Amino acid sequence: MTYFTWKEEGLTKDCETLDSMAARFEESARLMRKMSAEGFKVEKRNKRQIITHIDSKVFNDWGFVSEEPPYQQLTMILEEKIQ
């Protein structure tokens with residue numbers, strides 16, 4: 001029997017059928033398009049893809065938690081107040 005291994009796990013690990021996998025991808029694609037329309041961007045840093053937004057309020061309104069080091073987060077707050 002021929003087969004291939006599905007290596008992506010995070011998005012479809014709990015899916016039991018190809019239809020449920022497709023539905024999960026479609027749902028994720030809708031979310032990604034909405035994020036893009038609201039100004040989110042994908043950047044490569046240190047060989048990783050990260051999702052960013054220039055407006056920390058929008059980022060927070062979506063419920064995301066910044067992964068910037070604490071000292072960088074404080075710098076961002078100070079920069080916002082200066083502008």
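**Close-up views of a predicted model**

**View 1. Arg24 and Asp14 form a salt bridge in which the closest N and O atoms are 3.0 Å apart.** The model shown here and in the following views is a predicted one. Because Arg24 belongs to helix H1 whereas Asp14 sits in the segment before H1, this pair ties together parts of the chain that are 10 residues apart in sequence. With a relative accessibility of 25%, Arg24 counts as partly exposed, while Asp14, whose relative accessible area is 54%, is exposed. This contact belongs to a set of 3 salt bridges found when the whole structure is searched.

**View 2. A salt bridge joins Arg48 to Glu67, with the closest N and O atoms 3.9 Å apart.** Arg48 is part of strand S2 and Glu67 is part of the loop between H2 and H3, so the contact ties together parts that are 19 residues apart in sequence. The relative accessible area of Arg48 is 46%, and this residue is therefore partly exposed; Glu67, at 69%, is exposed.

**View 3. Within helix H2, Lys57 and Asp61 form a salt bridge whose closest N and O atoms are 2.9 Å apart.** The two residues, both in helix H2, are separated by 4 residues, which is about one turn of the helix. Lys57 is exposed, and Asp61 is exposed as well. As a general point, side chains of opposite charge can pair when their charged atoms come close.

**View 4. Strands S1 and S2 form an antiparallel pairing over 5 bridges.** Strand S1 covers residues 41-45 and strand S2 covers residues 48-52, and the hairpin that they make has 2 residues between the strands. In this hairpin, Asn46 adopts a positive phi near 50 degrees. One of the bridge partnerships can be followed from Lys44, whose partner in S2 is Gln49. Strand S2 also contains Arg48, the residue that makes the salt bridge with Glu67 of the loop between H2 and H3.

**View 5. The rings of Phe40 and Phe59 make a tilted pair, because their planes lie at 40 degrees, with the ring centres 6.4 Å apart.** This pair is one of 5 aromatic pairs in the structure. It links distant parts of the chain, for Phe40 is in the loop between helix H1 (18-37) and S1, whereas Phe59 is in helix H2 (residues 56-61), 19 residues apart. Both of these phenylalanines are buried, and the relative accessibility of Phe40 is 6%.

**View 6. Phe40 and Trp62 form an edge-to-face pair, since their ring planes stand at 70 degrees, with centres 5.3 Å apart.** Phe40 comes from the loop between H1 and S1 and Trp62 from the loop between H2 and helix H3 (70-82), so this contact ties together parts that are 22 residues apart in sequence. The two partners fall into separate accessibility classes: Phe40, at 6% relative accessibility, counts as buried, while Trp62, with a relative accessible area of 24%, is partly exposed.

**View 7. Phe40, Phe59, Trp62 and Phe64 are linked by ring pairs into a cluster.** Among the contacts within this cluster are the tilted pair of Phe40 with Phe59 and the edge-to-face pair of Phe40 with Trp62. The cluster therefore includes Phe40 from the loop between H1 and S1 together with Trp62 from the loop between H2 and H3, and Phe59 of helix H2 is also a member.

Technical notes
Residues are numbered from 1 along each chain as its sequence is written. This is a predicted model: local features need pLDDT of at least 70, side-chain atom pairs count only at pLDDT 80 or more; totals for chains, interfaces and linings use all residues. Side-chain values use heavy atoms; hydrogens and water are left out. Two strands pair if DSSP finds at least two bridges between them. Rings of Phe, Tyr and Trp (its six-membered ring) pair if their centres lie within 6.5 Å; planes under 30 degrees apart count as stacked, over 60 as edge-to-face and the rest as tilted. Buried means under 20% relative accessible area, exposed over 50%, partly exposed in between (1.4 Å probe, protein chains only). A salt bridge is a side-chain nitrogen of Lys or Arg within 4 Å of a carboxyl oxygen of Asp or Glu.
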